[in-house]
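Reader: I'd like to go through this one feature by feature. Could you give me the general idea each time, and then the case at hand?

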Amino acid sequence: VQLQASGGGLVQAGRSLRLSCAASGSIFGLTMGWYRQAPGKQRELVASITPGRYPNYADSVKGRFTISRDSARNKVDLQMNSLKPEDTAVYYCNARGSSETIWGQGTQVTVSS
């Protein structure tokens, strides 16, 4: 499975963006996630969603970001509302199974103040 992320861009603080991750194969049984890495910082988990659609969020994005998955279409979205300058980072899509972890290429999100 390969992952293709899209939807990044430059937005003003307070605005919204929607990231999409399209998988080349089935995501059935995989926990899907979005991570981000800001300059000079370690990559961190933003949100993840289990095959049963149970979501998990970083404290910094709770109430602002929503992760969703469409297993029939093999895609995962991240709706980002009320964006803040500190959300600026490269965002990566991730798929995790029992024996594999797959990363997509990153998409840049820049939030201006």
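Author: Sure. Let's start with burial: a residue counts as buried when its relative accessible area is under 20%, and as exposed when that area is over 50%, with partly exposed in between. Keep in mind that this is a predicted model. By that cut-off, D87 and R36 are both buried.

Reader: What do the side chains of D87 and R36 meet in?

Author: In a salt bridge, with 3.0 Å from N to O. The pair links distant parts of the chain: R36 belongs to strand β4 (residues 31-37), D87 to the loop between β8 (75-80) and β9 (89-96), and they are 51 residues apart.

Reader: And which residue forms a salt bridge with R36 at 2.8 Å?

Author: That's E44, going by the closest N and O atoms. The two ends of this bridge fall into separate burial classes: R36 has a relative accessible area of 6%, so it is buried, whereas E44, at 35%, is partly exposed.

Reader: Which residues are linked with R36 in a network of salt bridges?

Author: E44, R64 and D87 are linked with R36 in that network. Across the structure, the count comes to 7 salt bridges. Another of them joins the side chains of D77 and K75, at 2.9 Å from N to O. Here D77 is buried, because its relative accessibility is 8%, while K75 has 26% and so is partly exposed.

Reader: On to the nonpolar side. What's the general idea there?

Author: In soluble globular proteins, nonpolar side chains tend to be buried together. In this model the largest nonpolar core has 30 residues, and M32, W34, L78, M80 and Y91 are those with the most contacts inside it.

Reader: Which strands each supply at least two residues of this core?

Author: β1 (3-6), β3 (17-23), β4, β5 (44-49), β7 (65-70), β8, β9 and β10 do. To see it from a single side chain, try M32: leaving aside neighbours within four places in sequence, M32 is in contact with residues including L3, I27, A47, I49, I67, V76 and C93. Polar or charged names are on the list too, among them S48, R69 and N94.

Reader: C93 is in that list of contacts. Which cysteine forms a disulfide with C93?

Author: General idea first: a disulfide is a covalent bond between the sulfur atoms of two cysteines. The structure holds 1 disulfide, and the partner of C93 in it is C21, with the sulfur atoms 2.0 Å apart. C21 lies in strand β3 and C93 in strand β9, so the bond ties together parts that are 72 residues apart in sequence.

Reader: Is that disulfide left-handed or right-handed, and why?

Author: Left-handed, because the torsion about the S-S bond is about -85 degrees. As for burial, C21 has a relative accessible area of 2%, so it is buried, and C93 counts as buried because its relative accessibility is 0%.

Reader: Let's finish with S113. Is S113 buried or exposed?

Author: Exposed, because S113 has 86% relative accessibility. S113 lies in the segment after β10 (101-112). Not counting residues up to four places away in sequence, S113 touches A13 and P85.

Reader: And how many Å apart in space are S113 and P55?

Author: The C-alpha to C-alpha distance is 29 Å, with their positions 58 residues apart in sequence.

Key:
Residues are numbered from 1 along each chain as its sequence is written. This is a predicted model: local features need pLDDT of at least 70, side-chain atom pairs count only at pLDDT 80 or more; totals for chains, interfaces and linings use all residues. Side-chain values use heavy atoms; hydrogens and water are left out. Helices (H or I, at least four residues) and strands (E, at least two) are DSSP runs, numbered from the N terminus. Buried means under 20% relative accessible area, exposed over 50%, partly exposed in between (1.4 Å probe, protein chains only). Contact means heavy atoms within 4.5 Å. A salt bridge is a side-chain nitrogen of Lys or Arg within 4 Å of a carboxyl oxygen of Asp or Glu. A nonpolar core is a set of buried Ala, Val, Leu, Ile, Met, Phe, Trp, Tyr and Cys residues joined through side-chain atoms within 4.5 Å. A disulfide is a pair of cysteine sulfur atoms within 2.5 Å.
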